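I opened my notebook for a friendly walk through this structure. Here is what I looked up, entry by entry.

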Amino acid sequence: MLSEATRQKIDALIRKYPHPRSALIPALWLAQQEAGYLCPEAIRDVAEIFKLPTNEVYEVASFYTMLYKKPVGKYVIQVCTNISCLLCNCEEIMAHLENRLGIGPGETTSDKRFTLMETECLASCGTAPVAQINEDYYESLTPEKLDRILDSMK
Amino acid sequence: MKILTKNMHVPNLREIGVYESLGGYQGLRKSLRDCKPNDIIEIVKKSGLRGRGGAGFPTGVKWGFVPKNTGKPIYLCVNADESEPGTFKDRLVIEKDPHLLLEGTIISAYALDCHLAFIYIRGEFSYGATVLEKAIEEAYSKGYLGKNILGSGYDLDLILHRGAGAYICGEETALLESLEGKRGHPRLKPPFPAVVGLYRCPTVINNVETLANVPHIINNGPEWYAAIGVERNTGTRLYAVSGHVNKPGVYELPMTVTLRELIYDHCGGIRNGRRLKAVIPGGSSVPILTADRVDTRMDYDSVAKAGSMLGSAGVVVMDESTCMVKAVRRITRFYAEESCGQCTQCREGTEWLYQILTRIEHGRGRAGELEILLDLCTQMKGRTICPLSDAAAMPVESYIKSFYDEFAAHITQQRCVILPAA
Ligand SMILES: Cc1cc2nc3c(=O)[nH]c(=O)nc-3n(C[C@H](O)[C@H](O)[C@H](O)COP(=O)(O)O)c2cc1C
Ligand code: FES
């Protein structure tokens with residue numbers, strides 16, 4: 001069940017746009033904050049609020065990579081492996097993370113702390129290699145720098 | 001010559017007071033005081049400003065296509081989706097000088113007779129969204145947004161809308177679909193968004209960097225702007241340089257700069273004293289330039305003449321240690337991943353390209369596969385709803401043609417023939 005606070009925020013969003021449907025993706029963002037991902041109940045609730053079939057909301061959500069349809073860890077680590085990062089050794093960063101966390105891309109550690117993903121260009125190519133961890137960018141990465149960052153994440 | 005980035009060293013430029021103290025919002029005051037909406041369109045036409053999002057279409061001309069008096073509202077959408085691999089210039093403007101973008105947006109909206117504008121910002125730019133959210137609040141509280149802006153009688157609201165991770169939403173009609181709360185599936189054109197856009201109303205979509213030029217054009221006049229650069233290629237560009245250079249970053253320069261000057265004078269040359277092999281001049285979607293094109297002037301027309309496109313001006317520099325098969329394979333994976341799936345040529349073609357390139361890269365390429373790749377590229381171009389298919393095909397085609405021997409050797413020797421960087 002979506003919380004009352006989230007429902008109110010969604011209502012406010014709907015009023016902001018000339019057409020309510022425009023608030024759908026922002027609403028899914030809000031719904032995702034509740035459980036860390038879009039659980040089936042959250043999608044159902046959002047569909048109800050927008051008076052849309054659940055399938056249709058799922059169809060929209062499934063188009064966008066930042067809307068998670070599966071549970072993710074507390075920290076989602078997205079390593080850019082696109083061209084500029086590839087030229088600047090992102091493979092070393094990825095390998096280091098796989099080793100340290102003992103998981104591959106798309107997987108979550110058994111303690112549910114870290115999810116590792118490869119991602120596309122983060123528009124930070126001048127400070128490659130780059131990773132996004134939850135909302136924040138970490139730039140000009142080296143394995144050592146990454147270790148310090150992960151050590152600080154509890 | 002710096003225009004857009006000239007104040008970026010100033011601390012707290014993000015704050016509206018600091019922005020104002022440097023002459024900020026004077027362009028808006030002048031526009032509302034001295035100009036009718038149409039005057040601004042004429043000024044922007046005269047300046048020669050061309051779109052910075054990729055296609056390079058003249059901005060004032062595009063604005064002129066919007067039909068007035070249809071009884072429908074007119075919308076302006078700022079394209080802050082910046083997802084073209086190798087491009088990172090809009091992010092700089094958004095994070096460092098958000099009010100410049102807002103001022104440009106407000107003036108442009110006024111020119112278009114638009115009363116509701118949107119900034120569509122890619123989902124990953126969470127920090128940028130926070131910066132813009134605050135800037136928009138400040139602009140409202142100072143009367144630059146909202147009702148009766150600066151007592152002029154002109155009203156404008158501005159909504160910041162976050163995407164959620166999909167490259168295709170940078171394509172203008174996919175952006176509109178996404179803004180309407182749907183999957184980002186590009187629409188067939190015509191009708192063009194200028195006539196049938198958001199909510200089926202006339203809509204203009206412009207890139208962040210494009211709009212950031214507008215206050216400066218208003219403040220200094222179109223003649224001043226048109227005198228920078230060369231004919232048909234006026235003003236500066238924010239060249240975002242990455243890859244194997246000593247000093248990667250965003251460099252604002254007039255479009256008279258050559259690739260050689262950009263790489264060697266501004267970016268400190270190639271890392272580790274290596275030699276230049278190739279350059280992507282305008283984001284991953286454009287054909288590659290080989291090192292012998294290094295004297296190309298980095299304007300729209302000269303880059304086109306050299307066989308590529310200035311695109312987003314995301315310049316990716318590759319040195320001699322780069323394997324072109326590996327490079328283009330990664331780029332192709334991106335398009336296969338990001339194809340929206342509506343058109344068969346694109347949905348299937350990108351995947352086939354990726355699989356064949358993967359085989360070649362892994363030493364399992366077969367005789368004749370380069371010809372298959374080239375043939376696939378031909379079939380993928382110019383036949384789809386949007387140009388993502390072309391954007392996937394053009395690099396593959398150009399990398400193979402420019403580095404044919406390297407690709408062929410991967411197949412005959414069944415391994416990568418480029419020594420890894422020491
Ligand atoms: C696949 C694809 C992706 C695009 N991505 C972007 C983008 O991220 N940002 C952008 O400004 N334009 C992008 N464009 C170009 C837009 O469709 C549109 O031409 C541009 O926003 C117009 O603004 P301008 O005239 O100011 O350049 C993309 C185009 C295509 C075909
Ligand atoms: S290629 Fe990694 S941030 Fe652009």
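Before the first entry I fixed one term: I call two residues in contact if their C-beta atoms, placed from the backbone, lie within 7 Å. I also kept in mind that this is a predicted model.

**Entry: a helix in chain A**

I started with helix α3 of chain A, residues 40-50, and asked which of its residues are buried. I found Ala42(A), Ile43(A), Asp45(A), Val46(A) and Ile49(A). They share one side of α3(A), because the arc they cover around the axis is only 160°. That fits a general point: an α-helix has 3.6 residues a turn, so residues three or four places apart point the same way. Turning to the other side of α3(A), I noted Pro40(A) and Glu48(A) as exposed.

Next I checked what covers the buried residues of α3(A). The cover includes α1 (4-16), α2 (24-35) and α4 (54-61), which also belong to chain A. Just after α3(A) I came to Lys51(A), and its phi is positive, near 55°.

**Entry: where the chains touch**

I then looked at how many residues each chain brings to the contact between A and B. Chain A brings 32 residues and chain B brings 42. On the chain A side, at least two residues come from each of α2, α4 and α5 (83-87). I sorted that side of chain A by class and got 19 nonpolar, 8 polar and 5 charged residues. I noted that α2 and α4 turn up here as well as in the cover of α3(A).

**Entry: domains of chain B**

Chain B is split into domain 1 (16-227), domain 2 (230-319) and domain 3 (324-412). For domains 2 and 3 of chain B, I read a separation of 23 Å between their centres, taken over C-alpha atoms. Their contact pairs 7 residues of domain 2 with 9 residues of domain 3. The domain 2 side of this contact has 4 nonpolar and 3 polar residues, with no charged ones.

**Entry: ligand 1**

Where does ligand 1 lie? It lies between domain 1 and domain 3 of chain B, because both give residues to the shell around it. I counted 23 residues around ligand 1, the closest being Gly51(B), Gly53(B), Gly170(B), Asn207(B) and Thr210(B). Two elements of chain B give two or more residues to this shell, β4 (203-207) and α16 (388-402). The most come from β4(B), with 3 residues. By class I wrote down 8 nonpolar, 9 polar and 6 charged residues for the shell.

How values were computed: Residues are numbered from 1 along each chain as its sequence is written. Chains are lettered from A and ligands numbered from 1 in the order in which they are written. This is a predicted model: local features need pLDDT of at least 70, side-chain atom pairs count only at pLDDT 80 or more; totals for chains, interfaces and linings use all residues. Domain bounds come from an automatic or database domain assignment. Ala, Val, Leu, Ile, Met, Phe, Trp, Tyr, Cys and Pro count as nonpolar, Asp, Glu, Lys and Arg as charged, and the others, Gly among them, as polar. A residue is buried if 20 or more other C-beta atoms lie within 10 Å of its own, exposed if 12 or fewer, and partly exposed in between; C-beta atoms are placed from the backbone. Helices (H or I, at least four residues) and strands (E, at least two) are DSSP runs, numbered from the N terminus. The arc is that of the directions from the helix axis to the C-beta atoms. A residue is near a molecule or strand if its C-beta atom, placed from the backbone, lies within 6 Å of it.
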